[in-house]
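The paragraphs below walk through one protein model, moving from paired strands to packed side chains and then to a second sheet. It may help to keep the structure open and to find each residue as it is named.

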Amino acid sequence: MFTYLKLKNFKSLKDVTLNLKETQKRTKNFIAIYGENGCGKTNLVLAFDAIKKIMISKVNDQAWKNLPRDYQDTKEYMEKMDIFAGMFDTFTDLEKLRMIDEKEPTEIEYGFSINDIEGYYYIKFDTRVLEERLYYLENQKRNIHFEIKTNNDKIEKNLNNKIFNGAKYRTELEEQIDKYWGRHTFLSIIFEELVRKNKSFMDENISKNLIDVVNDFSQIIIKHDKIASIPSLEIAFNRFNIEEGKIDARNAELLDKYEKVLRIFFTQGYADIKDVYYEKQENEYEIEYKLYFKKLIANKIRNIYYKEESNGTRRILKLFNDMIETINGKTVIIDEIDNGIHDLLIKNIIMSLKDEITGQLIITTHNTLLLETLPAKELYIITVDLNGNKEINCINDYNFKIQKHNNVRDLYFKGLFGGIPSSDYIDFEEIRVVAYITLLVIVAIIISLQVEK
């Protein structure tokens, strides 16, 4: 899970820090981020997504190069038409992540915690990678795993001998850095190595701690309109499908937990749904399951297979499909979680799931009902000052105490925390009059030109 995020010159975010720590030793499992439209909430999500682009860029490039020319033409067409945006991005597209008209490099630092051990990954770039560093557990202590940067157009490489065990393999990696680094990151070189090479070879030559970091980054789930899922990664990590599928028999308790969460939400949120359950076929090794609803229809309880449910219910199931991964320790980040779903339903989904989260769920939202029920430590506001500079603050960190009798939602609407749009009255009648006068002026000009002719 993420412990913090630091951004400099990233899209509309000049210099911001998102601190996700609750205490020195504890990281928050759930975070809701608020702010007016255009304040940078989506750019924050894109910053989290960037780490997956950073990691898979070399694998994607190599995969497309191995395809026939006809398929490569399809890739170019898909990119041009913005189909599956982000899925095929490589580091030729670094500039898309940079602040417009900014000469200074872009910097991103991801603080993370894996197996209760904290570390960070740092990258600096303009149109190419300029610096990259990973800090995490070495053996019994934390140390730099690798640090690479340019100095007078030369690449300086520092690979930790305790992380990269074999001298021969370290030399091979250094040759790859000389060949690919700048266009790709070293993280993407390592990821391709783990995908392409024999597991036993990699286990012998690279520390398990580094492999843990790469695997954890691979399994981050990001949901945004312009971010496509990456099928190869989802298949590789056997993502759980909430609606139907097969699960290892040893994970029977996990399936029961998913069923419990769905039952709580749907029976509380829908008057006609009386129960939610999995129909199971079990053997010694696996459980095959399908999702059903018990619904009250025409004065009778009927068993409804999930595929026969309404489009709205199935959309909510897809949202659950991502959020449920947090129960299993995954990190999930969802932009505009309330888009197209009723505020009350979103509130019920989150409150049903929140106490079961063992991973991390980060959302951006405009759903102010959550302000009444979530603790202040989980609520963040993006504010913009008169000069366009932005900050991200937890409500807990404001310089005043919120009394128990105060409603955080009311305080938010009063502008106490910032992050709300201007409430100035828009005089549409005045706009109409101005438009009408403008039209008359245009007509008068046209008539005068005709007379002159």
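In this predicted model, a convenient place to begin is β5, which is joined to strand β6 (residues 129–137) by six bridges, the two strands running antiparallel. Within this pairing Y122 has R133 in β6 as its bridge partner, and the two strands form a hairpin with three residues between them. On another pairing of β5 (residues 117–125), nine bridges join it to strand β4 (residues 106–114), again in the antiparallel sense, and here G111 has Y120 in β5 as its bridge partner. The hairpin of β4 and β5 has two residues between the strands, and in it N115 takes a positive phi near 55°.

These strands belong to a wider arrangement, an open sheet of seven strands in the order β2-β1-β4-β5-β6-β7-β8, with antiparallel pairing. Its edge strands are β2 (13–19) and β8 (154–159), each of which pairs on one side only, and the twist averages 5° from one strand to the next. At the β8 end, strand β7 (residues 142–151) pairs with β8 in the antiparallel sense over six bridges, and N151 has K154 in β8 as its bridge partner. Strands of a sheet pair through backbone hydrogen bonds, either parallel or antiparallel.

Which residues does V213 contact, once its neighbours within four places in sequence are left aside? V213, which has its place in helix α6 (residues 208–218), is in contact with F112, I114, L134 and Y136. V213 counts as buried because its relative accessibility is 0%, below the 20% under which a residue is called buried. V213 and Y120 are 93 residues apart in sequence, while their C-alpha atoms are 9.9 Å apart in space.

Aromatic side chains offer another way to follow the structure, and the count of aromatic pairs comes to 20. The rings of F2 and Y110 are one example, with centres 6.1 Å apart and planes at 40°, so this pair is classed as tilted. The pair links distant parts of the chain, since F2 lies in strand β1 (residues 2–10) and Y110 in strand β4, 108 residues apart. Both partners count as buried, F2 because its relative accessibility is 1% and Y110 because its relative accessibility is 0%. A further pair, F146 and F186, is edge-to-face, at 4.8 Å centre to centre with 80° between the planes. This pair also links distant parts of the chain, with F146 in strand β7 and F186 in helix α4 (residues 186–196), 40 residues apart. F146 is buried, with a relative accessible area of 0%, and F186 likewise counts as buried at 0% relative accessibility.

F2 and Y110 also take part in a cluster, for F2, F48, Y110, F112, Y121, Y136 and F217 form one aromatic cluster. Two of its members, F112 and Y136, are among the residues that V213 contacts. Rings in this model can also carry a charge over the face: K6 lies over the face of Y4, at 5.4 Å from the ring centre, and the charged end of K58 sits over the ring of Y180, 4.0 Å from its centre.

A further open sheet has six strands in the order β9-β14-β15-β3-β16-β17, with mixed pairing. Its edges are β9 and β17 (390–394), each with a single partner strand, so one side of each is left without a neighbour in the sheet. The twist here averages 15° from one strand to the next. The strands β9 and β14 pair in the parallel sense over three bridges, and I221 stands opposite V332 in β14.

Helix α9 packs on this sheet, touching β9, β14 and β15, and its direction makes about 140° with that of β14. The helix (residues 311–323) has 13 residues and reaches 19 Å from its first C-alpha to its last, close to the 18 Å expected at 1.5 Å a residue. Its buried residues are T313, I316, L317, L319, F320, N321, D322 and M323. These buried residues pack against β9 (221–223), β14 (331–334) and β15 (360–364), and also against α8 (252–269), β12 (286–297) and α10 (343–353).

Definitions and conventions: Residues numbered from 1 in each chain as written. Predicted model: local features only at pLDDT ≥ 70, side-chain atom pairs only at ≥ 80, totals over all residues. Heavy atoms only, no water. Helix = DSSP H or I, 4+ residues; strand = E, 2+ residues; numbered from the N terminus. Buried < 20%, exposed > 50% of the residue type's maximum accessible area, 1.4 Å probe, protein only. Contact = heavy atoms within 4.5 Å. Pairing = 2+ DSSP bridges. Axes fitted to C-alpha atoms, helices over the stretch in contact; angles between N-to-C directions. Phe/Tyr/Trp six-rings, centres within 6.5 Å; stacked < 30°, edge-to-face > 60°. Lys NZ or Arg CZ within 6 Å of the ring centre and 35° of its normal. Expected span 1.5 Å × (residues − 1).
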